[in-house]
Amino acid sequence: MDKSPQAADGTVGKALQVLDMVAGKARPVRFNDVLAESPFPKATLYRLLQTLTSQGMLSYDEDRQTYAPGMRLVRLAHAAWSQSSLAPVARPFLDDLSAEIGQTIHLAQLDGGQVLYVDKRNAATPIEMFSQAGKVGPGYCTGVGKAMMAFLKPEAREDAIKRQSYFRHTDNTLTTADALRAELDAIRQDGVAFDREEHELGINCIAAPILSSGGRVIGALSITTSNQHYDVDDLTKLRPQLLSTAEKIAEAAEAWQFPG
């Protein structure tokens, strides 16, 4: 995170930066926890927290002296989820695909070069993995991330490539921008992407982009499984069902006037 005050645009930008710091935690946080990450002076941070709390964007527990997302933020998040997430329109198609193949299904969208998982269906025999609805994951080493980046317009694709961390999660992880560019070119030609144990050991997936009629990337869909059940060749056999479902979601999203 850029800790310089210039990273925030005016008072509203500063308040949103503080809101991100609090809401991004998995638990309520104390003032000093936020201060340790904040680019703002102590007095400024206190004032911003007070404003966010008074507006209901944060809540403050006086007994524990902790801040957490407030109910107003929760209501706004729910409205945003309903109006701009693919999840509502994709739900019946995910249900059908899940019932047909019995494997884990992910629905994702791209946010600043990273993957936001917006919905998930567990396998008939669930397996433990990183991804959950609402979680943010890397773009460069996940099937859904690569599927979306491959079909971005050149300028947007290059921006997404530059935003990746290239941390080596496994021995199969792509760790350079050039390696990712080459893979994205291949994905664009083939139409589907694979995660070959690149993010988590033992986890494979096949993914397809969800594209508008004009070719705009609006999301991605994946079928994910343990390599104890399916290897990459096995997953390739599920390509027709994956692509068919991605097309159905795209058509439904188009009719739903999906946000630009």
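Begin by selecting helix 1 and colouring G13, A15, Q17, V18, L19, M21 and V22, for these residues are buried. The model on display is predicted.

Keep helix 1 selected and turn to its length. The helix covers residues 10-23, and its 14 residues should span 20 Å at 1.5 Å a residue. The C-alpha atoms at its two ends lie 20 Å apart, which agrees with that expectation.

Next, display the whole chain. Ten helices and eight strands make up its list of elements. Of its 260 residues, 46% count as buried. Among contacts with a separation of 6 or more, 56% join residues that are 24 or more positions apart.

Now select two further helices together: helix 5, residues 87-101, and helix 10, residues 239-255. Two packed helices are described by the angle between their axes and the distance between the axes. How do helix 5 and helix 10 pack? Their angle is about 165 degrees, and their axes are 9 Å apart. An angle over 145 degrees counts as roughly antiparallel, and helix 5 and helix 10 are therefore roughly antiparallel to each other. Their crossing is right-handed.

Finally, show the side chains where the two helices meet. On helix 5, select V89, A90, F93, L94, L97, E100 and I101. On helix 10, the residues that they meet are Q241, T245, K248, I249, A252 and A253. Colouring this contact by residue class gives nine nonpolar, two polar and two charged residues. An α-helix has 3.6 residues a turn, so residues three or four places apart point the same way.

Methods: Residues are numbered from 1 along each chain as its sequence is written. This is a predicted model: local features need pLDDT of at least 70, side-chain atom pairs count only at pLDDT 80 or more; totals for chains, interfaces and linings use all residues. Side-chain values use heavy atoms; hydrogens and water are left out. Helices (H or I, at least four residues) and strands (E, at least two) are DSSP runs, numbered from the N terminus. The expected span of a helix is 1.5 Å times one less than its number of residues. Buried means under 20% relative accessible area, exposed over 50%, partly exposed in between (1.4 Å probe, protein chains only). Axes are lines fitted to C-alpha atoms, for helices over the stretch in contact, and angles run from 0 to 180 degrees between N-to-C directions. Angles under 35 degrees count as roughly parallel, over 145 as roughly antiparallel, 65 to 115 as roughly perpendicular and the rest as oblique. A crossing is left-handed if the near helix is turned anticlockwise from the far one by less than a right angle, and right-handed if clockwise. Contact means heavy atoms within 4.5 Å. Ala, Val, Leu, Ile, Met, Phe, Trp, Tyr, Cys and Pro count as nonpolar, Asp, Glu, Lys and Arg as charged, and the others, Gly among them, as polar.
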